[in-house]
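Colleague: I should be grateful for a close look at a single part of this model, with its surroundings described in one connected account.

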Amino acid sequence: MFLSLNVDVSNAGISKGIVGPGYWVHGVSGTSLQSKFTTYRSSYGHASTVDGGGEYVSGGWKPRYVMSNGSQYATSRGNKAYYNWK
């Protein structure tokens, strides 16, 4: 299964918790736009971000229990965080 979920995190602060088959940390803290994801039940997990200017950062596909980190500098609005697994 491959699933990609996203959330607009421009003014959301940092959220974290269990989602799908893993654990996701995402949001904006100061100037940092963060998306970190690790999977516990699927083979691979992936985290990424897109800032308000369209800059994409991928944390890469990581094996189970390894955190994928797709963090970058945040813009004032339009920041998005993503996670997915396969």
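The account that follows concerns one strand and its surroundings.

Colleague: Please take strand 4 (residues 32–39). Is strand 4 enclosed or not by the rest of the structure, and why? Which strands pair with strand 4 in the antiparallel sense, and which residues make up the largest nonpolar core?

Modeller: The model is a predicted one, and what I describe is computed from it. Strand 4 is largely enclosed by the rest of the structure, because 6 of its 8 residues are buried.

I begin with its partners. Strand 3 (residues 22–29) runs antiparallel to strand 4 and is joined to it by 8 bridges. These two strands form a hairpin with 2 residues between them, where Gly-30 adopts a positive phi near 65 degrees. Within this pairing, Gly-27 is placed opposite Gln-34 of strand 4. Strand 4 also pairs in the antiparallel sense with strand 9 (residues 72–73), over 2 bridges; here Leu-33 faces Gln-72 of strand 9. A further antiparallel pairing, again over 2 bridges, links strand 4 to strand 8 (residues 68–69), with Phe-37 opposite Ser-68.

Gln-34 merits separate attention. This residue of strand 4 is buried, because its relative accessible area of 15% falls under the 20% limit. Its side chain makes a polar contact of 3.5 Å with that of Ser-32. Beyond four places in sequence, Gln-34 touches Gly-27, the residue it stands opposite, and also Ile-14, Val-25, His-26, Ser-29, Thr-49, Ser-71 and Ala-81.

Phe-37 leads to the nonpolar core. The largest such core has 6 residues in all: Trp-24, Phe-37, Ala-47, Ala-81, Tyr-83 and Trp-85. Strand 10 (residues 80–85) supplies the largest share of this core, with 3 residues. In soluble globular proteins, nonpolar side chains tend to be buried together. Ala-81 is thus named twice, as a member of this core and as a residue touched by Gln-34. Ala-47, another core member, has contacts that include Ser-35, Lys-36 and Phe-37, together with Ser-68, Tyr-82 and Tyr-83, when neighbours within four places in sequence are left aside.

Finally, the loop between strand 9 and strand 10 contains Asn-79. Asn-79 is buried, with a relative accessible area of 0%. A polar atom of its side chain lies 2.8 Å from the backbone oxygen of Thr-75. The C-alpha atom of Asn-79 is 8.6 Å from that of Gly-54, although 25 residues separate the two along the chain.

Terms used
Residues are numbered from 1 along each chain as its sequence is written. This is a predicted model: local features need pLDDT of at least 70, side-chain atom pairs count only at pLDDT 80 or more; totals for chains, interfaces and linings use all residues. Side-chain values use heavy atoms; hydrogens and water are left out. Buried means under 20% relative accessible area, exposed over 50%, partly exposed in between (1.4 Å probe, protein chains only). Two strands pair if DSSP finds at least two bridges between them. A nonpolar core is a set of buried Ala, Val, Leu, Ile, Met, Phe, Trp, Tyr and Cys residues joined through side-chain atoms within 4.5 Å. Contact means heavy atoms within 4.5 Å. A polar contact is a pair of N or O atoms within 3.5 Å; within protein, one must be able to donate a hydrogen and the other to accept it, and residues adjacent in sequence count only if both atoms are side-chain atoms.
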